[in-house]
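Biologist: I'm new to reading structures, and a whole chain at once is a bit much for me. Please take one small part, look at it closely, and then show me how it connects to its surroundings.

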Amino acid sequence: MTDPPPPYTALPQLVPEPPEYTLPATFTIGRRSTFHLVRPDQLRAHLQLLAAFNHLKERIIASECLIAGLETDSEKRWVWFVNLAVERFERWCLSIKPSDVVEQHLPPIDVTMVWHAYLLNPRQVYLPSWYAEDTARISQLKHLTRFSDYFPTFLANPDLLTSETQPYERVSAWERRTQTPYDPFASIVTLTHKPIHCPGCSRTVLVPFIQPNGKGYAQSNFSISCDCAHPITKELLGLRKFAKNVVRSTAPDTYFAGTLYTPLNTYDIKRGDAIKKRVLNSYILFRLTEASDPVAQILTNVQYDPARMRTVLSKHMEPRQGRLNKMMSAYTDDRVFSIDLVGAVLRQASFVEKMVDLGWTEPGYFASEVDMVALQHCVARYHAFLSLVADSPGSFLVPTLDIDLAWHTHQLMAGRYQSECLALVGRHVDHDDKVEEGQLATSFDLTCRAWNDRYHVPYMHCGCPLPGDTIGQKLKRRLLSNQTANMLLLPPKSDARAATHPSDHNAVFALHDMSGSLQRREKRKRKAETRRLRAEREGKMVRRDTTIDHGIAFLYPVPMFYYFPGGCVAIGGGVVNEGLGCAIVSVDIAASE
């Protein structure tokens, strides 16, 4: 009689543990090696700053009784509050003295939010920020650089900027110099009007930020009449600011906005002088009498008409019409800055919201070392992205959200950012947050291909929240959900897999052509639907989940790591350590070429 087989006991399946990443000491960007441009702890500090901005916005949106007339419109209430924050930021900038001790004169959180947006906003793609040129070109802003150069310290101790309890000396100095309370909510009560100068008579006029007729300074239809009967609009205030710039003769204030900084030169005086000379050659601007006020005379010569001013200048700027448009875009109001900082803050809010949606701004989200793997991955991928930029001088490359976080963090260290980009990439690098969505989607597709060709790994997939209490647990869960080697690790959710395909759900709209953007978006949707219906008629399988409602896929992080049986895969693409361990997250560009 045959003996029965021995009892079967299933062997326990080995569960891969999340790899222990160690960032290399250096990265290769272009043809040069560099130490870390940003560090994971700096990214975590930046996220704490973003959390404070988001908390401030939530308070404003939830406070219906802050301002009469905006009780039911939370978005307009937020725009109004940002206008007040920009006013307070300007007062702070103009009050800074060269002898100030930085930590004793730091601004409140609403002003820090504006400062943050100023540091991050470019003049155009791959050119230095408006902040960089403004602080070199405008004498009133040059002392702001001392405070901005302190940002590495803020990223080491973000409580300096985000703490709700600040030293008495700092609060007292702020209130004495800006004539507004330190607490942004307390300032709402006192900051109801803004002083401006009439373009017609130069008299100081106090204008309300909000008016029932929608014509307050913080409203889109701002318009008021001076006692001299001259109308005042932001467009005319900007024209007056330009006329004042025309008559300035002392460097650096003599130069026009957008004329000093180039991708290869942070202070191109020769270029600035050449453009200034072209403007001064305009006879119509300088039909002056000896007794006349030159600013008022210039405004009279162009009949207080911004369009006429552009027409006059275009005759002397040909064939550089694009240069004229960039220059004149800095003269749209009476602020000292060359950028609309209200719009800059509102655009940055979109990035903040995405980080909040991912949960990355939650306190303690990156508390443990295993959780910090995600931020280490951000750092490695940012350096890889910069190397791609260095080797693609004519391309517009689109970052994913994780790369964007590292990029923004690097930009906050403005002085270092400029010099390091010039040394490593060969030019200044900034991303444009006002790119029309069609161009953004096309450029993203090209970025994916370039990344795949260079590093042999996919550029992105969905960043949907995964099960688990911490991000370290989420990463481990991602491994458990996949058994097939040589595949992208994805959670077992149809929506996560669907989001690996680029979508234009939340693309950035060009503010000047929103209706056109919407029309092009709908056209792309109709084409996609036509292709789907054709495929169904031809009997082809079409997978479609109508419940999916994702943001743009290219704004979300890629997988944190790959798993191969017996080993881990480096970002460079190959199995390392002969299957005995995990790879360093490094990108050696020279090795991959």
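Modeller: Happy to! A bit of background: of the 593 residues in this chain, 52% count as buried. Keep in mind that this is a predicted model. The chain has 23 helices and eight strands, and we'll begin in a loop.

Our starting point is L191, which sits in the loop between α9 and β3. Is L191 buried or exposed? Its relative accessibility is 4%, and buried means under 20%, so L191 counts as buried. What does L191 touch, once its neighbours within four places in sequence are set aside? The list is L84, E87, R88, R91, T180 and F209. L84, E87, R88 and R91 fall within helix α2, residues 74–95. One more distance for this spot: L191 and Q179 are twelve residues apart along the chain, and their C-alpha atoms are separated by 9.2 Å.

Now step back from L191 into helix α9, which covers residues 184–190. A search of the whole structure turns up 22 aromatic pairs. F81 and F185 make up one of them, a tilted pair with 6.1 Å from centre to centre and 35° between the planes. This pair links distant parts of the chain, since F81 belongs to α2 and F185 to α9, 104 residues apart. F81 and F185 are buried too. F209, which you met as a contact of L191, pairs with Y217 in an edge-to-face way: 6.2 Å centre to centre, with 90° between the planes. Both of those residues are buried.

Next, walk forward from L191 into strand β3, residues 193–197. In a regular strand, side chains alternate between the two faces of the sheet. Which residues of β3 are buried, and which are not? K194 and I196 point to one face and are buried, while H193, P195 and H197 point to the other face and are not. The partner of β3 is strand β4, residues 204–208: the two run antiparallel, joined by five bridges. If you want to find one of the pairings yourself, look for H197, whose bridge partner in β4 is T204. Together β3 and β4 form a hairpin with six residues between them. In that turn, S202 has a positive phi of about 70°. Most residues other than glycine have a negative phi, and most peptide bonds are trans.

There are other spots like that elsewhere in the chain. Q303, in the loop between α12 and α13, has a phi near 60°. Y304, found in the loop between α12 and α13, has a positive phi of about 55°. Unlike our L191, Q303 is exposed, with a relative accessible area of 54%. And in the loop between α10 and α11 you'll find P252, where the peptide bond coming from A251 is cis, with omega near 5°.

Back to rings for a moment. Ring pairs also link a cluster made of F89, W92, W115, Y118, Y131, F147, Y150, F151, F154 and F337. Two of its members lead us to helices. Y131 is among the buried residues of helix α4, a helix where seven of the eight residues are buried. Y118 belongs to α3 and helps make the contact with α15, along with residues including M113 and L120 of α3 and L341 and Q348 of α15. How are α3 and α15 arranged? Their axes are 9 Å apart and meet at about 90°, so the two helices are roughly perpendicular. That contact has eight nonpolar, two polar and no charged residues.

You can compare that with α17 and α18, which pack at about 110° with axes 5 Å apart. This pair is therefore roughly perpendicular as well. Here W407, H410, Q411 and L412 meet A414, Y417 and E420, and these divide into four nonpolar, two polar and one charged.

Finally, long-range links aren't special to our little corner. Among contacts between residues at least 6 apart in sequence, 68% join residues at least 24 apart. Q42 in helix α1 is a good one to try: its contacts include L155 and T409, and at 2% relative accessibility it counts as buried.

Technical notes
Residues are numbered from 1 along each chain as its sequence is written. This is a predicted model: local features need pLDDT of at least 70, side-chain atom pairs count only at pLDDT 80 or more; totals for chains, interfaces and linings use all residues. Side-chain values use heavy atoms; hydrogens and water are left out. Axes are lines fitted to C-alpha atoms, for helices over the stretch in contact, and angles run from 0 to 180 degrees between N-to-C directions. Angles under 35 degrees count as roughly parallel, over 145 as roughly antiparallel, 65 to 115 as roughly perpendicular and the rest as oblique. Contact means heavy atoms within 4.5 Å. Ala, Val, Leu, Ile, Met, Phe, Trp, Tyr, Cys and Pro count as nonpolar, Asp, Glu, Lys and Arg as charged, and the others, Gly among them, as polar. Buried means under 20% relative accessible area, exposed over 50%, partly exposed in between (1.4 Å probe, protein chains only). Two strands pair if DSSP finds at least two bridges between them. Rings of Phe, Tyr and Trp (its six-membered ring) pair if their centres lie within 6.5 Å; planes under 30 degrees apart count as stacked, over 60 as edge-to-face and the rest as tilted.
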